[in-house]
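Hi everyone, thanks for coming. I'd like to walk you through one structure today, so let's put it up on the screen.

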Amino acid sequence: MTLWEGVAVLIAGVGAGAINTIVGSGTLITFPVLLAVGLPPVTANVSNTLGLVPGSLSGAIGYRRELTGQGHRLARLSVASLVGGLIGAFLLIRLPAEAFDAIVPVLILLALVLVVLQPRVARAVAARRKEAGAPVAEVGPLLFTGVLLAGVYGGYFGAAQGVLLLALMGMLLQDTMQRINATKNVLAMIVNGVAAVFFLFTSTIDWTAVLLIAVGSAAGGQLGAKVGRRLPPQVLRGVIVVVGLVAVIRMLLS
C-alpha cells in the first residue's frame, strides 16, 4: 500500500465511523476503497470489519447519555446480535470466495435501496409513534428475530446493518429516534466485535488496512456523535449511494 493509498483508507475510515454513528452504511465507504487499493474482496471485508470495531465503540460512547435506562433492552437484544454476528462470520469463512463475489453486489444494492428508502421509513415511524402515544420499550419475538437476522447480515457483510436495525427498532419500539440510534450503535458494535474475534483465528487479514481504518473510524465515531446530526441527510445518502454503485460496478467488472 502506497502512502497516498494509506491516506485514502484513513480518510475512508473517518467517513465510515461518522456515517455508522449517524445511521449506518459506513462499509459502503471503506469497502470500495480497500478494493481500489488492491485487496481481495474477502480480505477487504474481514479487514474492514476489524477496523470498524473501534469506530463502533467510539460511536456508542458518544451516545452514552441516550443509553441511560436501556439496560434491559440492550441485555436481550445483545444476545440476538451476538448470535447473529457469529453465524454471519461463520458463513463468510465457510462459503467459497466465489459465493462472496456473487452475493455481495446484491447485498450492496439492497443496502443502497434501504439507504434511499430511509426517509420514508422515518416518516412512517414518526406517524406510528404519534398515534401510539406513550413510549413502550418491550422486546418481542419479532424484534428479537429481526435483530438476529440483521446480525447475520452484519457478520457476513456489514453494509447498511445500521439502517436495518434502525428500521426494525423504529417500527417495533416506541422510543425517541436518538435513543434507538444509541441502541443501534451498541448492537452494531457487538456484531462487528464478535465477527472480528472470529476472523482473528480464521482469516487472512491486512493489518495495515485494519490499523488505518481503526484510527480513522474511532475519530469518525466521535465526529458523528457530535456534529454529524447537523449534516444534511441528503448529502450523506448521496455519498453512500454513489460510493456503493462504484463498488458494485468494480466487483462486477473484476
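Reading along the sequence, the protein chain runs α-α-α-α-α-α-α-α-α-α. In other words, we have ten helices and zero strands. Please keep in mind that this is a predicted model.

Let me give you the overall numbers. The protein chain has 254 residues, and 51% of them count as buried. About 11400 Å² of the chain is exposed, with carbon and sulfur atoms supplying 72% of that area. Now look at the contacts with a separation of 6 or more: 84% of them join residues 24 or more positions apart.

On to the inside. Which residues touch the most other members of the largest nonpolar core? They are Phe31, Ile108, Phe157 and Met169, in a core of 53 residues. Helix H5, residues 97–132, gives this core its largest share, seven residues. There is also another core lying apart from that one; it has eight residues, including Ala60, Tyr63, Leu74 and Ile190.

Let's stop for a moment at Met169. If we leave aside neighbours within four places in sequence, Met169 is in contact with Leu77, Leu143, Ile180, Thr183, Lys184 and Leu187.

Next, the aromatics, which I enjoyed looking at. How many aromatic pairs does the structure hold? There are five. To describe a pair of aromatic rings, we use the distance of the centres and the angle of the planes. Take Phe31 and Phe100: their ring centres are 6.3 Å apart and their planes sit at 70 degrees, over the 60 that an edge-to-face pair needs, so edge-to-face is what we call this one. Phe31 belongs to helix H2, residues 27–36, and Phe100 to helix H5, so this pair ties together parts that are 69 residues apart in sequence. Phe31 is buried, at a relative accessible area of 0%, and Phe100 is buried too, at 1%.

Phe100 has a second ring partner, Tyr156. Here the centres are 5.8 Å apart and the planes are at 50 degrees, so the pair counts as tilted. Tyr156 lies in helix H6, residues 141–156, while Phe100 lies in H5, so the pair ties together parts 56 residues apart in sequence. Tyr156 is buried, just as Phe100 is. Put Phe157 into the picture, and ring pairs link Phe31, Phe100, Tyr156 and Phe157 into a cluster.

What else does Phe100 contact, beyond residues within four places in sequence? Besides Phe31, Tyr156 and Phe157, the list has Pro41, Val42, Asn45, Leu92 and Pro105. For Pro41, which is 59 residues away along the chain, the C-alpha atoms are separated by 7.9 Å.

Staying in helix H5, let's visit Leu109. Is Leu109 buried or partly exposed? Its relative accessibility is 39%, and anything from 20% to 50% sits in between buried and exposed, so Leu109 counts as partly exposed. Not counting residues up to four places away in sequence, Leu109 touches Leu245 and Val248. Between Leu109 and Ala159, 50 residues apart along the chain, the C-alpha atoms are separated by 9.9 Å.

Now for two helices as whole elements, starting with H3, residues 41–62. Its 22 residues, at 1.5 Å a residue, should span 32 Å, and the end C-alpha atoms are 31 Å apart, which agrees. H3 does bend, by about 30 degrees at Leu52, and a proline, Pro54, follows within four residues. Since 16 of the 22 residues of H3 are buried, this helix is largely enclosed by the rest of the structure.

The other one is helix H9, residues 207–226. With 20 residues at 1.5 Å a residue, H9 should span 28 Å; the end C-alpha atoms are 29 Å apart, which agrees. Which residues of H9 are buried? Ala209, Val210, Ile213, Ala214, Gly216, Ser217, Gly220, Gly221, Gly224 and Ala225 are. Those buried residues pack against helix H1, residues 3–22, as well as H2 and H3.

To leave you with one picture: the ring cluster of Phe31, Phe100, Tyr156 and Phe157, and H3, largely enclosed by the rest of the structure. Thanks for listening!

Definitions and conventions. Residues are numbered from 1 along each chain as its sequence is written. This is a predicted model: local features need pLDDT of at least 70, side-chain atom pairs count only at pLDDT 80 or more; totals for chains, interfaces and linings use all residues. Side-chain values use heavy atoms; hydrogens and water are left out. The expected span of a helix is 1.5 Å times one less than its number of residues. The bend at a residue is the angle between axes fitted to the seven residues ending there and the seven starting there. Buried means under 20% relative accessible area, exposed over 50%, partly exposed in between (1.4 Å probe, protein chains only). A nonpolar core is a set of buried Ala, Val, Leu, Ile, Met, Phe, Trp, Tyr and Cys residues joined through side-chain atoms within 4.5 Å. Contact means heavy atoms within 4.5 Å. Rings of Phe, Tyr and Trp (its six-membered ring) pair if their centres lie within 6.5 Å; planes under 30 degrees apart count as stacked, over 60 as edge-to-face and the rest as tilted. Accessible areas come from the Shrake-Rupley method with a 1.4 Å probe; for residues, only the protein chains shown count as cover.
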